[in-house]
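Please look at the sequence and the 3D structure below before reading on. The report that follows takes up the chain as a whole, then two of its residues, and then a pair of helices.

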Amino acid sequence: MATITPASIVASPSETTRGPETARSLLSGARAMLPWLVGVVPFGLVIGVTVSESHVPAAAGWATGAIIYAGSAQLATVDLLDHGAAPIMIIITALVINARLIAYSGSIALHWRDTSYGFRAVASYLLVDPSFAVGMEGYRDTGSRRTRHAHYLGAAITLWIAWQLAILVGVTVGSGLPTWMHLEHVVPLFLVAQVVHSANNRPACYAAAVGALVALVGQSLPMHSGIIVAIAAGLVAAALTERAATSERSRP
Amino acid sequence: MTPWIVIIIAGTGTFLFRISLVAVFSGRDAPPWLERSAGYVVPTAFAALAAISLSVPAGGGLGEAAPPLIAAAVTATVALRSTAPTALAAGLPALWISSALLTSM
């Protein structure tokens, strides 16, 4: 039961409820991330196991989780380090795989325009596929800006912690994990479910279909550049679908 | 060059990617095409990533290629009517069973 003090009478309701509101939003963000952890933790375990079975020092392999913080690029980096590829090749490969983060940056930037430099730096560092997805969903809901930013941070921090732990467990347990479970397929299956949920209209469906097709065809492109090409193609497909729909509607 | 240096350079570049457009669009308005495209990045990017992960290199037999596709079909179908973890809970057994049946011992 809140006690009535002179300060609480004078202060506006938003000032006195700001703290608990923010805390609630942090928690709601963390909760929103939990389903993702089902897919993400196995991926982290797989990366940890890959590190333990490679010639890469365990500490460096685990540190990719915090320094690079993007699973597919981490896996490629560990793999290429293990095979003794030239450093410049490894760096370029990791960066090309992670080029999609520029697209994520552009999309979520729209929601971060009123935030501080500090928030933007931390929030950007934490930006990766699951935090991007949960963040974009959260920003679609109504609510004060502060609570939505807190929602993103709650989700993103939860992901970060779980990721570091998952890789750590994978590194220490090593090949003790069962291979028959095909844990490496958990993430793509999770992505499939997310695509189904997010493709709510026709342009989105075309974006997904074109993205998948171009990605498959583009697998022969050097250094995994097929991903960013596929994303560009999908966005173009969505734009064309939108344009076709509006021109249909404007016809008498 | 030690692994650490490679990792740190890759990580620094990755962080610059992450903050790139956030920094560019901090003060000004984003171009309209970006605002329109923002909602399509998730279905496109995730479909592309999933497609690559679920495909197998050429030369693998049907037994290797089919189980991920079967699992993906099951997952997608279940996802139409329920949450992502539920869809995953349906897709994983499909993956394990089809793998056990189709790949040679």
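## Contacts and overall build of chain A

Among the contacts in chain A that link residues at least 6 apart in sequence, 77% are between residues at least 24 apart. This should be read with the reminder that the model is a predicted one. The chain contains 12 helices and 0 strands, and, followed along the sequence, its pattern is α-α-α-α-α-α-α-α-α-α-α-α.

The C-alpha trace of chain A spans about 70 × 65 × 35 Å along its principal axes. Chain A has 252 residues, of which 48% count as buried, and its accessible surface amounts to about 11900 Å², with 67% of that area belonging to carbon and sulfur atoms.

## A tyrosine with positive phi

Most residues other than glycine have a negative phi. Y69(A), however, has a positive phi of about 50° although it is not a glycine. This residue sits in the loop between α3 (58-67) and α4 (71-82) of chain A.

Is Y69(A) buried or exposed? Its relative accessible area is 2%, and since the limit for a buried residue is under 20%, Y69(A) counts as buried.

## A histidine in helix α9

H151(A) belongs to helix α9 of chain A, which covers residues 145-173. With a relative accessibility of 16%, H151(A) also falls under the 20% limit and therefore counts as buried.

Which residues does H151(A) touch, once residues up to four places away in sequence are not counted? The residues touched by H151(A) are S25(A), S28(A), G29(A), A32(A), V134(A) and G138(A).

## Two helices from two chains

Two packed helices are described by the angle between their axes and the distance between the axes. For helix α5 of chain A (residues 87-97) and helix α1 of chain B (residues 3-24), the axes come within 9 Å and cross at roughly 30°. Because angles under 35 degrees count as roughly parallel, α5(A) and α1(B) are described as roughly parallel to each other, and their crossing is right-handed.

On the side of α5(A), the residues that take part in the contact are P87(A), I90(A), I91(A), A94(A) and L95(A), and they meet V6(B), I9(B), A10(B), G13(B), T14(B) and F17(B) in α1(B). Sorted by character, the residues of this contact between α5(A) and α1(B) comprise 9 nonpolar, 2 polar and no charged ones.

Key:
Residues numbered from 1 in each chain as written. Chains lettered and ligands numbered in written order. Predicted model: local features only at pLDDT ≥ 70, side-chain atom pairs only at ≥ 80, totals over all residues. Heavy atoms only, no water. Axes fitted to C-alpha atoms, helices over the stretch in contact; angles between N-to-C directions. Helix = DSSP H or I, 4+ residues; strand = E, 2+ residues; numbered from the N terminus. Parallel < 35°, antiparallel > 145°, perpendicular 65-115°, else oblique. Left-handed = near helix turned anticlockwise from the far one by under 90°. Contact = heavy atoms within 4.5 Å. Nonpolar A, V, L, I, M, F, W, Y, C, P; charged D, E, K, R; others polar. Buried < 20%, exposed > 50% of the residue type's maximum accessible area, 1.4 Å probe, protein only. Areas by Shrake-Rupley, 256 points an atom, 1.4 Å probe, with all protein chains shown as cover.
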